[in-house]
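Colleague: I have a few questions about how the helices in this model pack. Please show the structure before we start.

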Amino acid sequence: MSENYNINQTQVEMSIIGVILRYGDKQLSKIVDIIAGDDFVNSWNGHVFNAAMSLYGSGKPVDLITVHEELRETGMLAQAGGEQSLTTAIENVVTATNLVFHAKIVRKAANERRTRLEIIRLKQA
């Protein structure tokens, strides 16, 4: 069951990344207060999100090209899954309509993971 959960979580995350890369800062602005890079279960999605946030925070445009360049300049392109990962994310976008809902799913899953890890930590202490 957890394998299905992770597959679905990956799909939700890739949808978010794809929307950001395709539609840019207008869509990113809708979720900046909902999720953070470390909320993503897949670290490569977190790296892409962080690159987009870095650009957004600097007032620079956010799109496939600018995020790719930001990742390349910071040496994080490989950790973000490389060029193929970026293009795959953008190619699989169907709509941006559910972006906020998807961001809330990612945040909820991240909070659940953190809670489970804290319980394990406390049991081991």
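Modeller: This is a predicted model. To begin with handedness, the crossing of H4 and H5 is right-handed.

Colleague: What kinds of residues make up the contact of H4 with H5?

Modeller: From H4 come Leu 64, His 68 and Leu 71, and they meet Glu 83, Leu 86 and Ile 90 of H5. By class, these contact residues are one charged, one polar and four nonpolar.

Colleague: Is H4 roughly parallel or roughly antiparallel to H5?

Modeller: Helix H4 covers residues 64-73 and helix H5 residues 82-91, with axes 11 Å apart and an angle of about 155° between them. Angles over 145 degrees count as roughly antiparallel. H4 is therefore, relative to H5, roughly antiparallel.

Colleague: Is Ser 85 buried or exposed?

Modeller: Ser 85 lies in helix H5. Beyond its neighbours within four places in sequence, Ser 85 is in contact with Met 14, Trp 44 and Ala 80. The cut-off for buried is under 20% relative accessible area. Ser 85 has 14% relative accessibility, so it counts as buried.

Colleague: Which helix gives the most to the largest nonpolar core?

Modeller: That core has 30 residues, and Ile 16, Ile 31, Ile 35 and Val 67 have the most contacts inside it. At least two residues each come from H1 (2-23), H3 (43-57), H4, H5 and H6 (99-124). With seven residues, the helix that gives the most is H1.

Colleague: Which residues is Ile 35 in contact with, leaving aside its neighbours within four places in sequence?

Modeller: Ile 35 is among the core residues with the most contacts inside the core. Its contacts beyond those neighbours are Ile 16, Phe 40, Phe 49, Ala 103, Val 106 and Arg 107.

Terms used
Residues are numbered from 1 along each chain as its sequence is written. This is a predicted model: local features need pLDDT of at least 70, side-chain atom pairs count only at pLDDT 80 or more; totals for chains, interfaces and linings use all residues. Side-chain values use heavy atoms; hydrogens and water are left out. Axes are lines fitted to C-alpha atoms, for helices over the stretch in contact, and angles run from 0 to 180 degrees between N-to-C directions. Helices (H or I, at least four residues) and strands (E, at least two) are DSSP runs, numbered from the N terminus. Angles under 35 degrees count as roughly parallel, over 145 as roughly antiparallel, 65 to 115 as roughly perpendicular and the rest as oblique. A crossing is left-handed if the near helix is turned anticlockwise from the far one by less than a right angle, and right-handed if clockwise. Contact means heavy atoms within 4.5 Å. Ala, Val, Leu, Ile, Met, Phe, Trp, Tyr, Cys and Pro count as nonpolar, Asp, Glu, Lys and Arg as charged, and the others, Gly among them, as polar. A nonpolar core is a set of buried Ala, Val, Leu, Ile, Met, Phe, Trp, Tyr and Cys residues joined through side-chain atoms within 4.5 Å. Buried means under 20% relative accessible area, exposed over 50%, partly exposed in between (1.4 Å probe, protein chains only).
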